Amino acid sequence: MTAGEKAKAKTEQAKGKVKEATGSAIGNDRMAAEGQAEKTTGDAREAKEKAKDAFKH
């Protein structure tokens with residue numbers, strides 16, 4: 001996994017987690033859903049990069 005893609009995935013996951021928690025805390029379902037989606041995007045990016053690394057070895 002390239003360092004840039006790994007950092008991007010971790011950043012998306014962290015931002016999504018914060019946004020989801022904030023949305024839940026203030027009762028904003030839309031913000032919570034957007035945070036969950038962002039976190040899932042980061043998870044998918046990380047999984048894609050791990051799969052690419054597995055095929056390189």
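## Two helices, one chain

In this predicted model, 51% of the protein chain's contacts with a separation of 6 or more come from residues 24 or more positions apart. The secondary structure amounts to two helices and zero strands. Is the chain spread out or compact? Its radius of gyration is 13 Å, well over the 10 Å that the globule rule gives for 57 residues, so the chain is more spread out than a compact globule. The C-alpha trace fits that description, with spans of about 45 × 15 × 10 Å along its principal axes.

Here are the chain-wide percentages side by side:

| Share | Value |
|---|---|
| Buried residues, out of the 57 in the protein chain | 23% |
| Accessible surface belonging to carbon and sulfur atoms | 58% |
| Contacts (separation of 6 or more) between residues 24 or more positions apart | 51% |

As for the surface itself, the accessible area of the protein chain comes to about 4,000 Å². On the charge side, there are 13 positive and 10 negative side chains, and the centres of these two sets sit 4 Å apart.

Now for a single residue, Ala 47. Where does Ala 47 lie? You'll find Ala 47 in helix H2, which covers residues 29-56. Ala 47 counts as partly exposed because its relative accessibility is 46%, and that class runs between the 20% cut-off for buried and the 50% cut-off for exposed. Ala 47 and Ala 9 are 38 residues apart along the chain, and their C-alpha atoms are separated by 9.3 Å.

Methods:
Residues are numbered from 1 along each chain as its sequence is written. This is a predicted model: local features need pLDDT of at least 70, side-chain atom pairs count only at pLDDT 80 or more; totals for chains, interfaces and linings use all residues. Side-chain values use heavy atoms; hydrogens and water are left out. Helices (H or I, at least four residues) and strands (E, at least two) are DSSP runs, numbered from the N terminus. The radius of gyration is taken over C-alpha atoms; the globule rule is 2.2 Å times the number of residues to the power 0.38. Buried means under 20% relative accessible area, exposed over 50%, partly exposed in between (1.4 Å probe, protein chains only). Contact means heavy atoms within 4.5 Å. Accessible areas come from the Shrake-Rupley method with a 1.4 Å probe; for residues, only the protein chains shown count as cover. Lys and Arg count as positive and Asp and Glu as negative; His and the chain ends are not counted. The place of a charge is taken as NZ of Lys, CZ of Arg, CG of Asp or CD of Glu.
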